[in-house]
Structures are given as C-alpha cells and as structure tokens.
Amino acid sequence: MTALLVGLFGIAGALTRFAVDGWLAGLPSPRRHWPWATLLVNVAGSFVIGLSVGVTAVFGPEWHSALATGFAGGLTTFSSWTTATVRLASERRYLAAAANILANLLLGLAAAAAGLAISGG
Amino acid sequence: MRAPQAGRTGAAHKTGSGYGWRVWTAVAAGGLLGTELRYVLGLLFPDQPGELPWATLGINIVGSFVLAALTTIWIARPQTAFWLRAAIGPGVLGSFTTFSAVVFSADQLTRFGLPAVGFLYLGLSVLLGLAAAAAGWRTGRVLGAPGSFDGTGAVSP
C-alpha cells in the first residue's frame, strides 16, 4: 500500500517538476539561462517535506511516506542541480554556478524549517 | 533560440503545454521507476539515528554522474528521441535523486544535537555530487564524440 502511494505521489512530483521546467523555459527572457526551475521545485519540495512531518499524526505513516518520499522526493531533484552547476562552470560562469549552489541550499533549508514549524514538528 | 539547459533534455524543443501525450507519459513512467528505486533503496539501507543518510548520498552521487554524462552525450547526439530523453532525464533521474531529503536530514541532525554531522552531510553531498557531475560531464563528452561508437548509435537508439 505504501509503495503504491509513494509511486503515485512520485509521478505527481515528477510531472509537476517537468511542467514547471517547461513553463519557465517558455517564458520570454532576455537573460542567459540560469536554473530557476530547479530552484523553484527544490524550495517548494523542501517546504513540503517539512510540512509532511505533521501528516503522520493525523493521517498515518503511509501518507507521510507518500508526501515526503513520493511527492517531495519526486518534485525535487539533485542531479539537475549538480549538472546545471557543472554546465555553468563549463561556460566559465563561476558566479552563477556558486549562486546556484548557495541559493538552493539556503532557501531549501529555510523552506524545510518553515514547513516543519507550520506542521508543528 | 535559447541554449539547451542541463537537466532539461537537450535541444530546444516545444515548451509548456506543447509537449505531446507521449512525452508526459514517458516522464510519468520514468518518475514512477525513479521514485520506487529510491524508496526501495531507502528500505534496504535505512538511515541510522545520528549517522549520515548514506543511501540518499549514494543515490544523489550516482544520479549526478549519469545525468551529466547523458546531458553531454545528448548535446552531441540531439537526434535521440525527445520522449526517451524526457523519460530518462526528468523522469527517472530527476525522481531518483532528491534535494528535499538532503536539506531535511541536515535540519534534523542539527535539531537533534549533531550540527557537525548535518553540516558534514551537506558538504559531502555538494562536493561529491558536483565531482560526480563533473566526471559524468567529461565522460559523456568522450562517449558522445563522433567516432566513439560505430555510428549506429549504441547509446541513442
């Protein structure tokens, strides 16, 4: 049962991430590329995993796994984050690469703490 | 035209709601596979209290290497079907690796009196993840270079 929920929520997370990526890529922008979509899904997913702590007491552990391991895990991505950073470095955009690392870490940590605080965890 | 972005699937393509059903289905199938793989590895190698979350660390290192390698291979071979790249990149690898679990575990380790372990975990994830992606990037460049395969596309069917 838990494995099924995790899978379904994982699909939802992956499709949401893909939609955000396509949506941001489609916006007209004069700027050079920077992985905004990855930052957005990583911060949102970090908030969700913080929120998910409060879910166990209310709905049970399987729904916690669905939200934390499934949705937040599927929505956020580590491989795109590191690959995009290496790509920026390969274009000698070192400041943009460092900003990508720091922005995800700092905003991700803050979002997880905020979610945790709201869920009462 | 925008430059293709890492983690996206290579060449500039239709964006937003312009993707066909085949692409969405491919991402969903890949997302299911990647999520279940991560879930099963988490069950096989559960986090121990006060220790580094080794399973997640390993998943993120492996995923970073593979996605970076595929990204440079696909830049060299843009003829690879878009739905296939979407299934493997944003689908499998995007869902297999996770960012939320990393910051959450670092937060929890710190909250439970082990800030040094939490900081070490963040540092190792970033350094080893970046090193793996850099190694994958170079590996993909070599593999994607013309003549490295027989020309029939062993990597890109």
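This is a short dialogue on the contact between two chains and on salt bridges in a predicted model.

Q: Which conventions apply here?
A: In this predicted model, local features need pLDDT of at least 70 and side-chain atom pairs count only at pLDDT 80 or more, while totals for chains, interfaces and linings use all residues. Residues are numbered from 1 along each chain as its sequence is written, chains are lettered from A and ligands numbered from 1 in the order in which they are written, and side-chain values use heavy atoms, with hydrogens and water left out.

Q: How many residues does each chain give to the contact?
A: Contact means heavy atoms within 4.5 Å. Chain A gives 53 residues and chain B gives 53 residues.

Q: What is the area buried between chain B and chain A?
A: The size of an interface is often given as the accessible area lost when the parts come together. Buried area is that loss for two parts, taken with a 1.4 Å probe and summed over both. Between chain B and chain A the value is about 4200 Å², and carbon and sulfur atoms give 70% of that area.

Q: Which elements of chain B give two or more residues to the side that touches chain A?
A: Helices (H or I, at least four residues) are DSSP runs, numbered from the N terminus. Those of chain B that qualify are H1 (21-44), H2 (54-76), H3 (82-96), H4 (100-111) and H5 (115-144). H1(B) gives the most, with 10 residues.

Q: How many salt bridges are there between chain B and chain A?
A: Side chains of opposite charge can pair when their charged atoms come close. A salt bridge is a side-chain nitrogen of Lys or Arg within 4 Å of a carboxyl oxygen of Asp or Glu. Between chain B and chain A the count is zero, whereas over all chains it comes to three.

Q: Where does the salt bridge of Asp107(B) and Arg111(B) lie?
A: Both residues lie in helix H4 of chain B, four residues apart, about one turn of the helix. Their closest N and O atoms are 2.5 Å apart. Asp107(B) is buried (under 20% relative accessible area, 1.4 Å probe, protein chains only), at 10%. Arg111(B) is partly exposed (between 20% and 50%), at 47%.

Q: Which residues do salt bridges with shared partners join into one network?
A: The network holds Arg87(A), Glu91(A) and Arg93(A). Glu91(A) pairs with Arg87(A) at 3.5 Å between the closest N and O atoms, and with Arg93(A) at 3.7 Å. Glu91(A) is partly exposed at 33%, whereas Arg87(A) is buried at 8% and Arg93(A) is buried at 12%.
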